Amino acid sequence: MAQRSSLEQLRNVTEADYVVILEGETFDGLYQNKGGDWQILSHTSINLAWFEEDFKVTALKRVLAINKSKDLGYAVYFGDTNLVISEYLVCDRQVFWGGGKICPDASQNDFALNVSGDHNVFLDLVFEEKTFCKVLLEVNGNHNRVENCQFLKARKSTSTRVIYSDRFLNISNRKGKGNRVLSCKFDNGRIGVALEGNYQIRDCEVSNCIMGLLLRPSSIGSEICHNLIKDNNVNHKSGADGILAQRNVTQLHIHHNTILNSGEHGIYFQGDNSVLEKNIVQDNFKSGIKLASYNTNLYPHEGMAPRFYVGHANKILNNSCENNCRDTKDQSNAGIYLQAPLINIQTKGNFCSNNTYGIRSTSLAKLKPEEFDTKAQLRDLIFDGNEAFNTKKSSFYIEGETGIVIQNNRMDSLLTNAKSTKHRIQAVLVKGNLIQEVLVLNRAEKAQITNNSIGKISIISNSQGREHRIESNKDLQSTN
């Protein structure tokens with residue numbers, strides 16, 4: 001490949017079949033020699049390995065300028081080059097691809113590549129944090145695709161905190177639509193991937209980070225599926241989760257992921273109108289799957305009512321949560337943990353084994369009485385067809401207010417509860433369950449306990465004489 005600075009020089013070239021001109025002129029482009037007649041090519045790749053080291057970044061920017069001015073559709077091919085760069089680029093429908101390695105410029109710590117635009121593609125690239133950099137690749141726009149790329153650092157972080165600003169890959173447009181991250185690997189980052197807006201992340205592997213995936217509050221209508229998220233356990237601080245779905249994320253589908261050995265929770269979900277299903281969540285330091293909601297740093301989704309935010313309308317379906325709650329000091333965690341305030345949560349078909357609690361719903365301790373009506377809301381919770389065994393404490397620990405249904409589950413034990421000594425879980429329905437050991441009715445009023453197979457029923461004094469309906473249950477002890 002020859003490089004020439006003008007069309008006049010190009011006419012004198014006879015030893016090459018192809019020549020590239022990148023001089024910032026109107027005749028810039030890739031030319032092919034056809035019998036002495038040089039013809040400009042389009043919709044092909046320009047290889048950065050063709051250029052000297054000190055010209056590679058300039059060549060990259062000039063290729064983008066050619067595409068913008070002439071619409072020649074050149075892809076940028078990184079080949080075997082190692083590109084040291086810290087550049088902000090604006091482009092649309094640009095392809096960046098190849099087996100080359102991209103490293104940040106040591107003189108600029110914010111990012112290696114920051115690309116704004118739509119329909120851009122990043123394919124088969126390797127990003128390596130050889131010197132400190134907050135973000136290796138930031139993509140800001142719509143319908144962009146990052147596929148089969150690697151993001152890595154030589155050694156695992158030793159930080160004692162969660163560093164939310166440092167992200168190997170940052171999908172940053174809060175109103176972005178149709179962005180995709182496919183078949184990528186992330187290893188030894190602070191945060192593996194942070195995502196805003198509407199996106200899909202699929203078939204990726206995220207390992208040895210402080211946090212695996214950070215789903216930002218602007219996330220809406222997005223899919224997180226078929227990912228392996230493991231060993232993200234640099235520390236055990238709040239936020240060191242496999243997947244953290246922050247604040248009022250909405251309409252997410254989190255499914256068929258495997259999340260192992262996280263520093264805090266496997267999945268920590270804080271939003272609404274979403275489905276978490278068919279995930280394998282094992283060996284995490286605290287809870288396997290945790291739901292909660294907060295009222296700080298909310299994103300103003302369209303149609304969001306200006307009132308106290310409560311996580312709602314979520315479904316937790318057919319997940320496997322085993323061997324979580326590895327923290328021996330904190331005995332409050334569970335395979336599946338629902339923390340108030342929450343309304344209208346369906347927990348169905350899940351398998352929980354070898355956790356502190358199997359499935360638990362509860363409000364925060366030490367709430368002030370004036371906070372009970374907001375921060376302690378737990379209503380319309382359905383637990384159906386789950387299995388919970390081999391727990392250190394109760395298989396099911398269910399605190400609630402009204403609309404609590406516990407049916408068709410299999411467990412060792414069940415304990416009911418209410419938000420304070422002055423409150424009662426009202427008219428809880430316990431129906432069609434297999435409870436091998438004991439059902440403890442605590443802080444309950446007008447409970448309906450019917451058609452269960454139960455080892456023993458124990459009614460605590462605070463729940464005696466409270467108009468319960470207990471009928472048609474099978475006494476397991478009498479049949480042994």
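In the predicted model, Phe 127, Phe 151 and Phe 186 are joined into a cluster through ring pairs. Within this cluster, both Phe 151 and Phe 186 are buried.

Across the structure as a whole, seven aromatic pairs are found. One of them is formed by Phe 51 and Phe 55, whose ring centres lie 5.7 Å apart; because their planes meet at 50°, a value that is neither under 30 degrees nor over 60, the pair is classed as tilted. The two partners are assigned to separate accessibility classes: Phe 51, with a relative accessibility of 5%, counts as buried, since this value falls under 20%, whereas Phe 55, at 22%, counts as partly exposed.

The pair of Phe 151 and Phe 186, by contrast, is stacked, with a centre-to-centre distance of 4.8 Å and an angle of 10° between the planes. Phe 151 belongs to strand β16, which spans residues 150-152, and Phe 186 to strand β19, which spans residues 185-187, so that the pair ties together parts of the chain that are 35 residues apart in sequence.

Aromatic rings are also found beneath charged side chains at two sites, described here in turn. Lys 290 is placed over the face of Tyr 337, at a distance of 5.1 Å from the ring centre. In the case of Arg 360, the charged end sits over the ring of Tyr 397 and lies 4.5 Å from the centre of that ring.

Technical notes: Residues numbered from 1 in each chain as written. Predicted model: local features only at pLDDT ≥ 70, side-chain atom pairs only at ≥ 80, totals over all residues. Heavy atoms only, no water. Phe/Tyr/Trp six-rings, centres within 6.5 Å; stacked < 30°, edge-to-face > 60°. Buried < 20%, exposed > 50% of the residue type's maximum accessible area, 1.4 Å probe, protein only. Helix = DSSP H or I, 4+ residues; strand = E, 2+ residues; numbered from the N terminus. Lys NZ or Arg CZ within 6 Å of the ring centre and 35° of its normal.
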